Amino acid sequence: MTNTKQRLVSLDALRGFDLFILVALGPLVLSFTQAAGPEHFEGLRAAFTHVDWEGFSPWDLIMPLFVFMAGASIPFALSRFRNGANRALLARRLVKRVLLLWLLGMVVQGNLLSLDPSRLYLYTNTLQAIAAGYLIAALLFTNTRVRTQVVVAILLLLGYWAAMEFVTVGGYGGGSYAPESNLAEWIDRTVLGRFRDGAGVDEAGQVVFAPWYHYTWLLSSATFGVTALTGVFAGSIARTSWAGMRKVLVYAGVGVAMVALGWLWDLQMPVIKTIWTSSMVLVSSGYCFLLMAVFYFVFDVCHLHFGVDFLRVYGMNSITAYVISEVVNFRGVAHSVLHGLEQYVGDYYAFILTLSQVLIVFLILRTMYKHGVYVKV
């Protein structure tokens, strides 16, 4: 039986696994295969690259798992706020977390620190998706029962689908899931306008949208919320008094069912991560449940903690790992010291710089972990 008053090892390890893939393994694989000849590693590179539009690759799971894990922490962090307790404290906590995540998202996206008003975009980043999903899931968790949460999750998925299928505005929507004609695209263009990522204003004062940018955020916030809610369900299961193997079987069973339903729905509503379709939520959350089954079995049932400290280095400071990896150019630091190697290693010099960045970030995180410094948002 798990002592729920302690941190769940599997949650920290899975969060660390997600961040390790994002900020270390993924960049290293892509950099090495590029140097060694990408034509020889097409399958491997595809696993660490987003699909162009429809479909789902392992790399496409990184962001949903991030949102899922944010939801999974809610039952552990916010249970004391249920049933109307400490409402003012809860409100302050949620507002603070959402605002900090929103600002960090703008920093990571490279727009806030540019100090250029023309590059100020409002809703563009994974951290902001986490903020939106977390807020929806936290409010539901602290104010409603599990049955209500499940019903709301289903309604949000169906509501997103119905809007995409049956609402038509100016050539957008009406069942289209193409990049330039789906309803979510129209909503973001209309509401965000110049403040949408990649947008600008031409000499005539007209907003011009970047032809390469089709991520959507506003309508997709509903499905961000569902992804976070599936994490809440996973965290709630972990806090039950059920036997460890029963939890593993429940995680696995729910995961298989959601993946199957998601790919079945794909026959009518495509699995598209870029616009966070309802079918994609089921597929990605199903995979997250399967990962929970594996990690819970290894770390909380079998108590095989080999490597767990390595994963916790990333997992206990996940926001820090993501932000410094995206914002600080440690490759430049490495280049200032190692530039003499370039003439000898050729194409592999870029890999050496990437490896240097990964190692520097890891050393920072390991030092923080060793001294018990955890930056929480």
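Trainee: Is threonine 320 buried or exposed?

Mentor: Happy to start there. This is a predicted model, where local features need pLDDT of at least 70, side-chain atom pairs count only at pLDDT 80 or more, and totals for chains, interfaces and linings use all residues. Residues are numbered from 1 along each chain as its sequence is written, and side-chain values use heavy atoms, with hydrogens and water left out. Buried means under 20% relative accessible area, exposed over 50% and partly exposed in between (1.4 Å probe, protein chains only), so threonine 320, at 14% relative accessibility, counts as buried.

Trainee: Which residues does threonine 320 touch, not counting residues up to four places away in sequence?

Mentor: Start from its place in helix H13, residues 318–327; helices (H or I, at least four residues) and strands (E, at least two) are DSSP runs, numbered from the N terminus. Contact means heavy atoms within 4.5 Å. With those sequence neighbours set aside, threonine 320 touches Leu365, Met368 and Val375.

Trainee: Which helix gives the largest share of the largest nonpolar core?

Mentor: A nonpolar core is a set of buried Ala, Val, Leu, Ile, Met, Phe, Trp, Tyr and Cys residues joined through side-chain atoms within 4.5 Å. The largest one here has 108 residues, and Leu78, Met164 and Tyr251 have the most contacts inside it. Its largest share is 12 residues, and these come from helix H11 (residues 278–301).

Trainee: How many salt bridges are there?

Mentor: Good one to ask. Side chains of opposite charge can pair when their charged atoms come close. The rule asks for a side-chain nitrogen of Lys or Arg within 4 Å of a carboxyl oxygen of Asp or Glu. By that rule, the count is 4.

Trainee: How far apart in sequence are the parts that aspartate 12 and arginine 312 tie together?

Mentor: These two form a salt bridge whose closest N and O atoms are 3.7 Å apart. Aspartate 12 lies in helix H1 and arginine 312 in helix H12 (residues 308–315), so the parts tied together are separated in sequence by 300 residues.

Trainee: And how close are the N and O atoms of arginine 15 and aspartate 12?

Mentor: Both residues are buried. They sit 3 residues apart in helix H1 (residues 9–36), which means a separation of about one helical turn. In their salt bridge, the closest N and O atoms are apart by 3.1 Å.

Trainee: How many disulfides does the structure hold?

Mentor: A disulfide is a pair of cysteine sulfur atoms within 2.5 Å. Cysteine 288 is buried at 0% relative accessibility, while cysteine 302 is partly exposed at 32%. The number of disulfides in the structure is 0.
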